[in-house]
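Here are some short exercises for you to try on the structure below. Have a go at each task before you read its solution.

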Amino acid sequence: MSFLWPQLLWLLLILPLLVLLYWWLLRRRRQTALRFASLAIVREAMGKGPGWRRHVPPVLLLFAFAAMLLASARPMATILLPSTQQTIILAMDVSGSMRATDVEPNRLVASQNAAKAFLAELPRHVRVGIVAFAGTAQVVQPITLSREDLVTAIDKFQLQRATAIGSAIVVALSELFPDQGIDLGNMTFGRHNDPFAPQGRAIDQPQTEKKAFEPVPPGSYTSAAIILLTDGQRTTGVDTEEATKMAADRGVRVYTVGVGTVSGEVIGFEGWSMRVRLDEDTLKEVARTTQGEYFYAGTAENLKKVYETLSTRLTVEKKETEISGLLALVAALLVLLASGLSLFWFNRVL
């Protein structure tokens, strides 16, 4: 816990003074009682004393006062809060390797089913877009609140050749930042190295007219996130490391989900035969660089659990926030409890 106004913590020194004042008042009351001629008569008149109960309300008040003093110092703590992420891009692999059956019934169907279950768990206010990628990447469903449209887009996936993981990340970023004019074609074919230049700009335009961009800390953009589901074996498109850096520079977290097995499986696709393996190292590096997280989904059941975990992670998040109001509430409840006990036990309010 940290404090915005730590200098006010000196006020806590008042607490031991209050304890001494309470002790002095008890001692003074005892000395006053000793003035009676006969203590036996006093005890008989007063009946059985309150015992330990007499100290409970003052102790509760002391804790309430301590909570109020801590609140005045404006404490900051890391706690779970509703997520501020309002947009999620699902980037899903539809390359030929996704027909492998090491995840039953195959990788593609298992990922489709898990993605639809994930959408059902998300709060209705969270917007979602879908990017499908194989040799190229494209938006198959623009960002929307309609879960029906999203499910329809997922059901229409068709397998294609090659795997362009980097291109999928770039296209997902273009959905999140449409005003920055990301040009995937220029990145893929190398006509210039400024993918965030305004669309339609001449290639030989002076450098001074480029749109300025200031990188931000990785993971600092809390309004959106990308979930990348793939077997992790890039074969074409934008370099994965370059695309990952673009996401990190814009603060966008990329949560990667590895589907399949490390040992892989031999598949046939359009006359070709190949062994398709899960490249965990690439996916872990993407997640690490963007401050996201990597999840392994070796079976269909594990894949569903991964999406359940992601749903929880994206609807609540750990965040440092001021908890002065919480401490003030605790103080108020302690005062009410002290007053209530005093009224119940001694027929007076403190």
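The exercises that follow move from the whole protein to single residues.

Before you start, note that this is a predicted model, in which local features need pLDDT of at least 70 and side-chain atom pairs count only at pLDDT 80 or more, while totals for chains, interfaces and linings use all residues. Residues are numbered from 1 along each chain as its sequence is written, and side-chain values use heavy atoms, with hydrogens and water left out.

**Exercise 1. Describe the protein as a whole.**

Step 1: Begin with the secondary structure, taken as DSSP runs numbered from the N terminus (helices are H or I with at least four residues, strands are E with at least two). The protein has 11 helices and 11 strands.

Step 2: Turn to burial, where buried means under 20% relative accessible area, exposed over 50% and partly exposed in between (1.4 Å probe, protein chains only). Of the 350 residues, 41% count as buried.

Step 3: Look at contacts, meaning heavy atoms within 4.5 Å. Among contacts with a separation of 6 or more, 78% join residues 24 or more positions apart.

**Exercise 2. Find the largest nonpolar core and its best-connected members.**

Step 1: Apply the rule: a nonpolar core is a set of buried Ala, Val, Leu, Ile, Met, Phe, Trp, Tyr and Cys residues joined through side-chain atoms within 4.5 Å. In soluble globular proteins, nonpolar side chains tend to be buried together.

Step 2: The largest core holds 35 residues, and L90, F118, I227, L303, Y307 and L310 touch the most other members. Elements that each supply at least two residues include β3 (87-93), β4 (127-133), β7 (253-259) and α10 (300-315). Helix α4 gives the most, with 6 residues.

Step 3: Take I227 as an example. Leaving aside neighbours within four places in sequence, I227 is in contact with residues including I88, L90, F118, Y255, Y307 and L314. Apart from this core lies another, of 31 residues, with A137, I182, I226 and A247 among them.

**Exercise 3. Locate the aromatic pair and classify its geometry.**

Step 1: Rings of Phe, Tyr and Trp (its six-membered ring) pair if their centres lie within 6.5 Å; planes under 30 degrees apart count as stacked, over 60 as edge-to-face and the rest as tilted. The count comes to 1 aromatic pair.

Step 2: F177 and Y221 form this pair, with 5.3 Å between centres and 50° between planes, and it is tilted. The partners are 44 residues apart, F177 in the loop between α6 (165-176) and α7 (184-189), Y221 in the loop between α7 and β6 (224-230).

Step 3: Compare burial. F177 is buried, at 9% relative accessible area, whereas Y221 is partly exposed, at 28%.

**Exercise 4. Check the length of helix α11 and list its buried residues.**

Step 1: The expected span is 1.5 Å times one less than the number of residues. Helix α11 (residues 324-346) has 23 residues and reaches 33 Å from first C-alpha to last, close to the 33 Å expected.

Step 2: S324, L327, A331, L334, A338, S339, S342 and F346 are buried in α11. An α-helix has 3.6 residues a turn, so residues three or four places apart point the same way.

Step 3: Just after α11, N347 takes a positive phi of about 60°.

**Exercise 5. Describe the surroundings of S167.**

Step 1: S167 lies in helix α6 and is buried, at 3% relative accessibility.

Step 2: Beyond four places in sequence, S167 is in contact with A137, L184, G237 and V238.
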